Amino acid sequence: MLILARRVNETIVIGDTIRVSVVDIKGDQVKLGIEAPRDVKVYRQEVYDAIQEENREAARSAVSRPAGTALPSLRRGDTQSRDGKSGS
Amino acid sequence: MRIESRAYGPIEIEDRQVITFPAGILGFEHLHEYALLDATQPGFYWLQSLENPGIAFIMLNPYDLRPDYVLDVPDEDLRSIAYGDEEDILVFAIVTIPEDESRISANLQGPVVINRAARLGRQAISLDPRWRTKHLILEELARAGGS
């Protein structure tokens, strides 16, 4: 891994199109500004991790209910009593 | 072709139901071939791995859950499934059913997009922070229906 020291307002350039700037540093938190073309995906690692974990949980839940009998009705009228908010 | 499925055991499917995920599903990157099956409950679908019959995902159409859902994913994700005609694109959200079944949820942050003409699929990551990994299905339906 390449490790570069940068100060606030300094930038690194990756390839021809990506620039990462240090916008602010407060305590142990660094605020980064990222300029990249729209087709370059930039995500927090946590987002990847959360979706992976959700998929694993989903696969486990599908296993325990092979027939899918617990699935709710997606027809909106079926999910609530009809009294209450009539006329919507 | 005949396949082994989690939901129905051995079943016969048509070639057009077979979808290739070149990058796999996040966390299951080693699996690339899936079958898209209808679930017995209308509006739900199975994404069944053809390489590992034990792996299958329940999915729904995110627009059934949230009529205001907008597919906002990087162009690269759409290019990877040969996005051309919008008519050919199917969007799904993977469903998680925890022990407490009332907390059944859908992942709107990691939508599964399928080009049914090219039979290519990909799990994308939404760029819109409104969409999260756990939208409680019963809550969303009650909210939308009561509006």
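Start with the salt bridges between the two chains: in this predicted model, the rule finds two of them across the interface of chain B and chain A. To see one, select Lys134(B) and Glu57(A) and show their side chains, which meet with 3.3 Å from N to O. Keep both chains on screen and add the polar contacts. Between chain B and chain A there are 10 residue pairs of this kind, both partners at pLDDT 80 or more.

Now colour the chain B side by element. Those giving two or more residues to the side that touches chain A are strand 5 (44-49), strand 6 (56-60), helix 1 (62-65), helix 2 (75-79), strand 7 (89-96), strand 8 (105-115), strand 9 (120-123) and helix 3 (137-146) of chain B. Which of them gives the largest share? Pick helix 3 of chain B: eight residues of that side come from there. Recolour by residue class and the chain B side splits into 29 nonpolar, 16 polar and 14 charged residues.

Next, zoom out to the whole interface. Select the contact residues and you should get 59 in chain B, touching 33 in chain A. The area buried between the two chains is about 3800 Å², with carbon and sulfur atoms giving 58% of that. Click on Ile97(B), Ile125(B) and Leu141(B): they supply 15% of what chain B buries against chain A, more than any other three residues.

Time to go inside the chains. Counting over all chains, the rule gives 15 salt bridges. For one within chain A, go to helix 1 of chain A, residues 45-64, and pick Glu53(A) and Arg56(A), which sit three residues apart, or about one turn of the helix. Their salt bridge has its closest N and O atoms 3.8 Å apart.

Rings are the next stop. Over all chains the count is seven aromatic pairs. Select Phe28(B) and Phe57(B) for an edge-to-face example, at 5.3 Å centre to centre and 80° between the planes. This pair ties together distant parts of the chain, 29 residues apart: Phe28(B) is in the loop between strand 3 (18-20) and strand 4 (33-38) of chain B, while Phe57(B) belongs to strand 6 of chain B.

Finally, switch to colouring by pLDDT. Chain B has a mean of 92, and 97% of its residues reach 70 or more. Among its elements, strand 3 of chain B has the highest mean, 97, and helix 3 of chain B the lowest, 80. Chain A averages 81, with 75% of the residues scoring at least 70. Select residues 78-88 of chain A and you land on a stretch with pLDDT below 50, which has 10 contacts in the model beyond near neighbours in sequence. Where pLDDT is low, don't read the predicted coordinates in detail. For the complex, the predictor gives an ipTM of 0.92 and a pTM of 0.83.

Key. Residues are numbered from 1 along each chain as its sequence is written. Chains are lettered from A and ligands numbered from 1 in the order in which they are written. Side-chain values use heavy atoms; hydrogens and water are left out. Contact means heavy atoms within 4.5 Å. Buried area is the accessible area (1.4 Å probe) that two parts lose on being put together, summed over both. A salt bridge is a side-chain nitrogen of Lys or Arg within 4 Å of a carboxyl oxygen of Asp or Glu. A polar contact is a pair of N or O atoms within 3.5 Å; within protein, one must be able to donate a hydrogen and the other to accept it, and residues adjacent in sequence count only if both atoms are side-chain atoms. Helices (H or I, at least four residues) and strands (E, at least two) are DSSP runs, numbered from the N terminus. Ala, Val, Leu, Ile, Met, Phe, Trp, Tyr, Cys and Pro count as nonpolar, Asp, Glu, Lys and Arg as charged, and the others, Gly among them, as polar. pLDDT is the predictor's confidence in each residue, from 0 to 100. Rings of Phe, Tyr and Trp (its six-membered ring) pair if their centres lie within 6.5 Å; planes under 30 degrees apart count as stacked, over 60 as edge-to-face and the rest as tilted.
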